[in-house]
Amino acid sequence: LFYSFGLDMATVSDPENTTGMEAEFRQLEGEWKRIQKKTFTRWCNERLKVQGMQIDDLATDLTDGVKLIVLLELLSQKPFGKFNKKARIHAQRMENIDMALDFITRKEKVRLVNIGSADIASGNLKLILGLIWTLILKYQISVGFAISDPSAPKVEGPSPKQALLSYVQVSPAHSTLTERVATITTFCK
């Protein structure tokens with residue numbers, strides 16, 4: 001993990017340098033979150049543009065559940081049914097988000113961990129980024145690498161994360177990026 005952020009073990013193990021290292025780590029973590037937010041917003045907008053919709057800020061634009069539901073309809077290519085298209089009051093927004101999360105878990109069979117409608121309604125960016133990453137894994141990476149659906153019979157081959165990791169490790173166009181990516185060994189913390 002430390003190597004992924006350009007830190008060496010001497011820096012990590014020096015107790016006198018801990019506050020400097022922590023500050024550097026927080027700065028890198030903030031930069032990483034900013035990059036994820038920008039990238040995931042762009043990914044969502046590429047899909048939503050066919051409906052004439054756009055997300056400007058993931059933390060605020062999904063709080064009523066409407067754009068999340070439309071995104072899910074587009075990704076799954078399944079009609080969603082009735083929902084509050086103009087959710088004005090808190091109860092309507094929560095109902096939309098609950099319906100969206102239920103759709104993801106029950107109909108699409110995607111396992112969601114530690115995220116609820118209150119997290120999305122309150123704009124919890126970290127959990128929203130996790131949700132969008134889960135959707136990318138389900139609807140983009142699995143399809144892009146021709147990986148079968150988890151409910152389908154098991155076929156030998158890499159998982160979506162393994163396929164993406166292999167792709168990232170061998171395909172960067174710029175040498176500076178290649179040096180950074182070469183140290184990536186997992187997408188987990």
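These exercises walk through contacts in one predicted model.

**Exercise 1. A salt bridge inside a helix**

Task: Find which side chain meets R34 in a salt bridge, and explain where the two residues stand along their helix.

Solution:
- Start with the partner. R34 and E31 meet through their side chains, with N and O 2.6 Å apart.
- Check the cut-off. A salt bridge needs a side-chain nitrogen of Lys or Arg within 4 Å of a carboxyl oxygen of Asp or Glu. The distance of 2.6 Å between R34 and E31 fits.
- Now place the pair. Both residues belong to helix 2, which covers residues 18-48. They are 3 residues apart, so about one helical turn separates them.
- Look at exposure. R34 has a relative accessible area of 45%, so R34 is partly exposed. E31 has 35% and is also partly exposed.
- Add the general idea. Side chains of opposite charge can pair when their charged atoms come close.

**Exercise 2. Sorting E46 and K49**

Task: Give the N to O distance between E46 and K49, then sort E46 and K49 by exposure.

Solution:
- Take the distance. The closest N and O atoms of E46 and K49 are 3.1 Å apart, and the pair forms a salt bridge.
- Recall the limits. Exposed means over 50% relative accessible area, buried means under 20%, and partly exposed lies in between.
- Sort E46. Its relative accessibility is 44%, so E46 is partly exposed.
- Sort K49. Its relative accessible area is 52%, so K49 is exposed.

**Exercise 3. A bridge between loops**

Task: Locate E108 and K78 in the chain, and decide whether E108 is buried or exposed.

Solution:
- Identify the link. The side chains of E108 and K78 form a salt bridge, with 2.6 Å from N to O.
- Place both ends. E108 sits in the loop between helix 5 and helix 6 (117-121), and K78 sits in the loop between helix 4 and helix 5. They are 30 residues apart, so the pair links distant parts of the chain.
- Judge E108. At 7% relative accessibility, E108 is buried.
- Judge K78. Its relative accessible area is 36%, so K78 is partly exposed.
- Finish with the count. The model has 5 salt bridges.

**Exercise 4. Rings around F80**

Task: Describe the aromatic pairs of F80 with F83 and with F103.

Solution:
- Begin with the total. There are 3 aromatic pairs in the model.
- Take F80 and F83. Their ring centres are 6.0 Å apart, and the planes meet at 90°. An angle over 60 degrees counts as edge-to-face. F80 and F83 are therefore edge-to-face.
- Take F80 and F103. Their centres are 5.0 Å apart, with 45° between the planes. Angles that are neither under 30 degrees nor over 60 count as tilted. This pair of F80 and F103 is tilted.
- Trace the chain. F80 lies in the loop between helix 4 and helix 5, while F103 lies in helix 5. The two are 23 residues apart, and their pair links distant parts of the chain.
- Check burial. F80 has 10% relative accessibility, so F80 is buried. F103 has 4% and is buried too. F83 is also buried.
- Join the pairs. F80, F83 and F103 are linked into a cluster by ring pairs.
- Look for a charge. The charged end of K85 sits over the ring of F83, 4.6 Å from the ring centre.

**Exercise 5. The nonpolar core**

Task: State how many residues the largest nonpolar core has, and which helix gives its largest share.

Solution:
- Count the core. The largest nonpolar core has 36 residues.
- Name the best connected members. L58, I120, I132 and L135 have the most contacts inside this core.
- List the suppliers. Helix 2, helix 3, helix 4, helix 5 and helix 7 (125-144) each give at least two residues to this core.
- Find the largest share. Helix 7 supplies 10 residues of the core.
- Zoom in on I132. Beyond its neighbours within four places in sequence, I132 contacts F40, W43, C44, L58, L62 and L71.
- Connect to the general trend. In soluble globular proteins, nonpolar side chains tend to be buried together.

**Exercise 6. A threonine in a loop**

Task: Place T63 in the chain and find which backbone oxygen its side chain reaches.

Solution:
- Place T63. T63 is in the loop between helix 3 (58-61) and helix 4 (66-76).
- Follow the side chain. The side chain of T63 reaches the backbone oxygen of T60 at 2.8 Å.
- Look further along the chain. Leaving aside neighbours within four places in sequence, T63 contacts R93, I97, I120, A121 and G123.

How values were computed. Residues are numbered from 1 along each chain as its sequence is written. This is a predicted model: local features need pLDDT of at least 70, side-chain atom pairs count only at pLDDT 80 or more; totals for chains, interfaces and linings use all residues. Side-chain values use heavy atoms; hydrogens and water are left out. Helices (H or I, at least four residues) and strands (E, at least two) are DSSP runs, numbered from the N terminus. A polar contact is a pair of N or O atoms within 3.5 Å; within protein, one must be able to donate a hydrogen and the other to accept it, and residues adjacent in sequence count only if both atoms are side-chain atoms. Contact means heavy atoms within 4.5 Å. Buried means under 20% relative accessible area, exposed over 50%, partly exposed in between (1.4 Å probe, protein chains only). Rings of Phe, Tyr and Trp (its six-membered ring) pair if their centres lie within 6.5 Å; planes under 30 degrees apart count as stacked, over 60 as edge-to-face and the rest as tilted. A charge sits over a ring if NZ of Lys or CZ of Arg is within 6 Å of the ring centre and within 35 degrees of the ring normal. A nonpolar core is a set of buried Ala, Val, Leu, Ile, Met, Phe, Trp, Tyr and Cys residues joined through side-chain atoms within 4.5 Å.
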